[in-house]
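Dear colleague,

Please find below the sequence and the structure that I am handing over to you. My findings follow directly after them, and I should be grateful if you would read the two side by side.

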Amino acid sequence: MINAIIVDDESNAIKNLTWEVEKFCQDVKIIDSFTDPREAVSAINYLKPDCVFLDVEMPEMNGFELLQKLHFRDFELIITSAYDQYAIKAFREHAVDYLMKPVDSDDLKDAIDRIRVKKESSGLGSVLKSMISDWKGKEEKKLALAMAGKTLYLDRNEILYCKSDGNYSEIYFNDLKKELFTIRFKDLEEQLGKGFYRVHNSYIVRLDAIKAFVNQDGPSLMLANGTQIPVSRSRKSELLHLLNH
């Protein structure tokens, strides 16, 4: 059972979210809820929940100020908000997800699934580190790709992301240049190896180039150079596990 607390200054929002949780996430128990963030601070420190659903904009004390006042932070954080501009800050606070109000039941289930999996296995963080470490250890080996009658030998750490183009693949580099290669996307994914992740049917990104996850008009990633890459719903859950743990 996942014990959760809801903090929101709007009682109707608490009521609606409680209904969603009870209907779609039966292994989650709402052990308490608060419209006053000051009361919530004491309760979270005392009750030590597994999960906190936290509204951002509240009078007197916003959600991020509440987090700074807590002594107990060993819980999974799910931000709930009617505004999308706080998403990047939310993930800097290691939020599992950023749910826009009114909360979508599928997004809620995805967030709880990530918490559930984390409770069952705490090794995901080391998996990501291992993936990047394994890739770093092999990055000296050039990636050989055919292009317009010739073969180019590329350093993997110069590749920012890749995009599918039918039977071809576009590769975008750190310097913003791009090249078109005669290789199927699936084959390119296999050759790139563990330092890259396929976030969408049409996109592969370099893991250590990801700067932020954005849940605005559909999930997406912000890369080191500011490029925004869409994330498919089917891959969102696993990707956030890799990024947040």
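**The sheet and its helix**

Strands β8 (residues 159-165) and β9 (residues 168-173) run antiparallel to each other and are joined by six bridges. Please bear in mind that this is a predicted model. One position in this pairing can be located readily: Lys163 has Glu170, in β9, as its bridge partner.

The two strands belong to an open sheet of five strands, in which the order is β10-β9-β8-β12-β11 and the pairing is antiparallel. The edges are formed by β10 (178-181) and β11 (196-200); each has a single partner strand, so one side of each has no neighbour in the sheet. From one strand to the next, the twist averages 20°. As general background, the strands of a sheet pair through backbone hydrogen bonds, in either a parallel or an antiparallel manner.

Helix α7 (residues 185-192) packs on this sheet, where it touches β8, β9, β11 and β12 (203-206). The direction of α7 makes about 160° with that of β8.

Which residues of α7 are buried? They are Phe185, Leu188 and Leu192. These residues lie on the same side of α7, because they cover an arc of only 55° around its axis. Lys186 and Glu190 are exposed, and they sit on the face of α7 that is turned away from its buried side. Just after the helix comes Gly193, which has a positive phi of about 85°.

**Two further positions**

Lys236 is part of helix α8 (residues 233-244). Is this lysine, Lys236, buried or exposed? Its relative accessibility is 2%, and Lys236 therefore counts as buried, the cut-off for that class being under 20%. Leaving aside residues up to four places away in sequence, Lys236 touches Asp97, Asp107, Arg114, Phe213, Asn215, Pro219 and Val231.

Val117 is found in helix α5 (residues 105-120). With a relative accessibility of 34%, Val117 counts as partly exposed, since that class lies between the limits of 20% for buried and 50% for exposed. Although Val117 and His241 are 124 residues apart along the chain, their C-alpha atoms are separated by 8.9 Å.

With kind regards

Note on methods
Residues numbered from 1 in each chain as written. Predicted model: local features only at pLDDT ≥ 70, side-chain atom pairs only at ≥ 80, totals over all residues. Heavy atoms only, no water. Helix = DSSP H or I, 4+ residues; strand = E, 2+ residues; numbered from the N terminus. Buried < 20%, exposed > 50% of the residue type's maximum accessible area, 1.4 Å probe, protein only. Pairing = 2+ DSSP bridges. Axes fitted to C-alpha atoms, helices over the stretch in contact; angles between N-to-C directions. Contact = heavy atoms within 4.5 Å. Arc of directions from axis to C-beta.
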